[in-house]
Each structure stands twice: as structure tokens, then as C-alpha cells.
Amino acid sequence: MIDAEVVRRVAMSFPETVEKEAWGMPTFRVAGKMYLTIPDDETSIAVRCPRQERGELIAAEPEKFWVPPHEASSAWVRVRLGALEDLDELRDIVVDSWRQAAPDRLTEKYPGLRPGAAPGE
């Protein structure tokens, strides 16, 4: 089962990730930029997602992805942990968000760190 502790382990496995509490919840950052949060009910996560891609993602899998009204203007999407297929899907979602926040020096240093790549590749 994918829960907040599994999410934490996955997020902390990415280079230069730090965990910092903000708004009463854990957030995960790379180079000072937030790329993942675990809201207080711990049944979902919030990750970076370009707004132009978000609508299509939600339309394709509304049981998995959504945006709360207060985040509608942001470039974030929520992911229901219970709807994820497996750990690989979680990792792909988190690495995609990490790559959006990470500076070029890190994405260039870790070209194998991308969605669909095996851990350690």
C-alpha cells in the first residue's frame, strides 16, 4: 500500500531533496523549490504539473487526479494515493515533479532520473 511514508522515502531518494514543514504539512524541495507536498489527511499528494497539461490529465483519470478550488490558478495537481497502480507509477509522478523544480545542473547530472526509468538507472 502506498502511504505517506512510502511517498517520503521516494521523494527523499532524489538528489538534493530536503524535507521542510510548511503550512503544517511536509513539503519536499530541490534547490529551494518545492516539488511535492503531503496534505494533512495523507490520502493524496500535490505535485507540480503545467496548467496546460493538467486538464487533460484530470479528464483522462479523474479518480486519480484533481485540483482543489484553492489551487486552480497554480501549476499543481493532486494525486490520490489509493488510486495509484504501483510504486513505479508513484515514482514516475514524483520524478516528473522533481525535474520541473530541479535546476539544470541537476537534471543534466542525472539524465537517467526521468519517468519510466528504473531506479538507479
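A salt bridge is taken here as a side-chain nitrogen of Lys or Arg lying within 4 Å of a carboxyl oxygen of Asp or Glu. In the predicted model analysed here, the count by this rule comes to seven salt bridges. One of them joins Glu 5 to Arg 8, with the closest N and O atoms 2.5 Å apart, a distance that satisfies the rule because the limit is set at 4 Å. The two residues are three positions apart in helix α1, so that about one helical turn separates them. Glu 5 is partly exposed, its relative accessible area being 42%, whereas Arg 8 is buried, with a relative accessible area of 19%; the latter value falls in the buried class because that class comprises residues under 20%.

Other charged pairs centre on Lys 64, a residue in the loop between α2 (51–60) and β5 (65–66). The side chain of Lys 64 meets that of Glu 85 in a salt bridge with an N to O distance of 3.9 Å, and this pair links distant parts of the chain, given that Glu 85 lies in the loop between β6 and α3, 21 residues apart from Lys 64. Lys 64 also forms a salt bridge with Glu 89, for which the N to O distance is 2.6 Å; here too distant parts of the chain are linked, Glu 89 belonging to helix α3 and being 25 residues apart from Lys 64. With respect to solvent accessibility, Lys 64 counts as buried at 2% and Glu 89 likewise counts as buried at 16%, while Glu 85 counts as exposed at 65%. Together with Glu 61, the residues Lys 64, Glu 85 and Glu 89 are linked in a network of salt bridges.

Helix α3 also contributes to the nonpolar interior. The largest nonpolar core comprises 29 residues, among which Tyr 35, Leu 36, Ile 45 and Leu 90 have the most contacts inside it. At least two residues of this core are supplied by each of α1 (4–12), β2 (25–30), β3, β4, β6 (76–80) and α3 (87–101), and the largest share, amounting to six residues, comes from α3. In soluble globular proteins, nonpolar side chains tend to be buried together.

On the surface, a patch of negative charge is formed where Asp 3, Asp 40, Asp 41 and Glu 42 gather. Of these residues, Glu 42 is placed in the loop between β3 (33–37) and β4 (44–48). Glu 42 is partly exposed, with a relative accessible area of 45%, and therefore meets the accessibility requirement for patch residues, which is set at over 30%.

Notes: Residues numbered from 1 in each chain as written. Predicted model: local features only at pLDDT ≥ 70, side-chain atom pairs only at ≥ 80, totals over all residues. Heavy atoms only, no water. Patch = residues over 30% accessible without salt bridge, like charges linked within 9 Å, V, L, I, M, F, W, Y side chains within 5 Å. Areas by Shrake-Rupley, 256 points an atom, 1.4 Å probe, with all protein chains shown as cover. Lys, Arg positive; Asp, Glu negative; His and termini not counted. Charge placed at Lys NZ, Arg CZ, Asp CG, Glu CD. Helix = DSSP H or I, 4+ residues; strand = E, 2+ residues; numbered from the N terminus. Buried < 20%, exposed > 50% of the residue type's maximum accessible area, 1.4 Å probe, protein only. Core = buried A, V, L, I, M, F, W, Y, C linked by side-chain atoms within 4.5 Å.
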